[in-house]
Amino acid sequence: MTTISRLWALDAPTVTMDDSIMMFGKGGTEITMPLPSFLIEHPVHGLLIFDTGIGGAGDPASVYGPAAQVYKMNFPAEYALDRQLESLGFTTSDVKRVVISHLHFDHTGGLHHFPGATGYIGSGEMRYAKTPDHHVAVHFMPPDLEAAAQIDWLELPVGYDHDVFGDGSVVILTLPGHTPGSLALQLRLPDASTLILSGDVAHDHDNVSCCAGMQADSDTAAAVESLKRLKLLRSRPDTTVWVNHDIADWERMRANGRQVI
Ligand SMILES: [Zn+2]
């Protein structure tokens with residue numbers, strides 16, 4: 001049985017905002033949430049990155065303008081993906097594969113580090129990002145989409161889960177609804193347990209427990225179906241679901257620092 005060999009949850013920039021963004025029915029509590037990138041090492045095929053956070057390390061306002069202050073973006077220069085990879089003994093060109101959970105700006109800011117990589121993206125995601133519904137247009141960054149054009153994308157049809165290496169160690173799950181092409185990543189760990197990095201299919205565990213989505217979802221009904229699927233996966237005895245913007249998950253799973261496995 002092949003498993004991944006190592007997993008890092010890289011030091012992540014944060015934003016601070018009202019929690020009404022997380023789920024219908026929430027609001028009134030200020031939260032500071034991480035904008036993660038995960039580095040995964042396969043024993044034979046090397047490095048894969050899942051999501052790339054925001055851009056503008058050291059000066060987020062240079063990329064996002066006034067929004068950097070509105071959302072209290074905190075992104076120290078040393079958290080830049082290229083600098084973190086170097087500190088781990090790698091370079092950005094060692095990362096041969098990029099999986100993007102979806103194209104909202106808090107996941108695409110580092111795509112420019114990986115020109116020439118093979119990318120994995122959900123069906124319809126790129127088209128939606130370029131011509132989004134009006135109420136979510138602010139969530140997409142045209143310069144990031146230009147950087148994305150340098151990546152060789154493979155598109156996952158809705159309803160098809162892709163076993164990246166054909167050995168069960170890394171499987172991309174299609175879970176549409178937050179956006180048309182929303183994806184999660186299922187990893188088999190060295191102890192034979194399963195870890196699911198849920199991207200933005202959920203924003204905290206309450207989304208999963210209640211099967212309730214959020215304002216920014218492109219398709220509320222589809223989002224609820226995907227949350228039902230995630231809730232079933234979470235109920236498996238050998239499976240952990242890491243909700244990537246969930247603050248408690250972030251603190252618990254990174255209790256020993258950025259190298260998780
Ligand atoms: Zn997000």
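These notebook entries record what I looked up in a predicted model.

**Entry 1: the zinc site**

I began with the zinc ion and listed its donors. The ion is coordinated by D106 through OD, H107 through NE2, D200 through OD and H245 through NE2, at 2.0 to 2.2 Å. Along the chain I read the spacing of these donors as D-H-x92-D-x44-H. I then placed the two histidines in the secondary structure. H107 belongs to helix α4 (residues 105–108), while H245 sits in the loop between β13 (239–242) and α9 (247–253), so the pair ties together parts that are 138 residues apart in sequence. I also checked their accessibility, and both H107 and H245 are buried.

Next I looked up the geometry. The 4 donor atoms subtend angles of 88 to 167° around the zinc ion, and I therefore entered the arrangement as irregular. A tetrahedral assignment would have required all angles to lie between 85 and 135 degrees.

**Entry 2: the annotated domain**

I consulted the UniProt record, an unreviewed entry, which carries the annotation "domain: Metallo-beta-lactamase" for residues 34–245. For residues 34–245 I noted 25% helix and 22% strand. The end C-alpha atoms of this stretch are 6 Å apart.

**Entry 3: the largest pocket**

I turned to the open space and took the largest pocket. It holds about 340 Å³. I noted 21 lining residues, with I21, Y71, F105, D106 and H139 nearest the centre of the pocket. One of these, D106, I had already recorded as a donor to the zinc ion. Strand β2 (14–18) and helix α4 each supply at least two residues of the lining. Sorted by class, I found the pocket lining to contain 14 nonpolar, 5 polar and 2 charged residues.

**Entry 4: the cavities**

Which cavities did the search of the whole structure find? I recorded 3 cavities of 30 Å³ or more.

The largest cavity encloses about 60 Å³. Of its 14 lining residues, P13, S37, T52, G53 and L81 are the closest to its centre. I divided the lining of this largest cavity into 9 nonpolar, 4 polar and 1 charged.

The second largest cavity encloses about 40 Å³. I listed its lining as V201, A202, H203, N207, A212, G213, M214, D217, A223 and L227. By class, the lining of the second largest cavity has 6 nonpolar residues, 3 polar and 1 charged.

Notes:
Residues numbered from 1 in each chain as written. Predicted model: local features only at pLDDT ≥ 70, side-chain atom pairs only at ≥ 80, totals over all residues. Heavy atoms only, no water. Donors = N, O, S within 2.8 Å, 3.2 Å for Na, K, Ca; no water. Tetrahedral: all angles 85-135°; square planar, octahedral: opposite > 155°, others 65-115°. Helix = DSSP H or I, 4+ residues; strand = E, 2+ residues; numbered from the N terminus. Buried < 20%, exposed > 50% of the residue type's maximum accessible area, 1.4 Å probe, protein only. 1 Å grid on protein atoms, 1.4 Å probe; cavity = no way out; pocket = protein on both sides within 12 Å on 5 of 7 lines; lining within 4 Å. Points joined across faces, edges and corners; volume = space filled by probe spheres on them. Nonpolar A, V, L, I, M, F, W, Y, C, P; charged D, E, K, R; others polar. UniProt positions renumbered as here; feature names shortened; annotations may be inferred.
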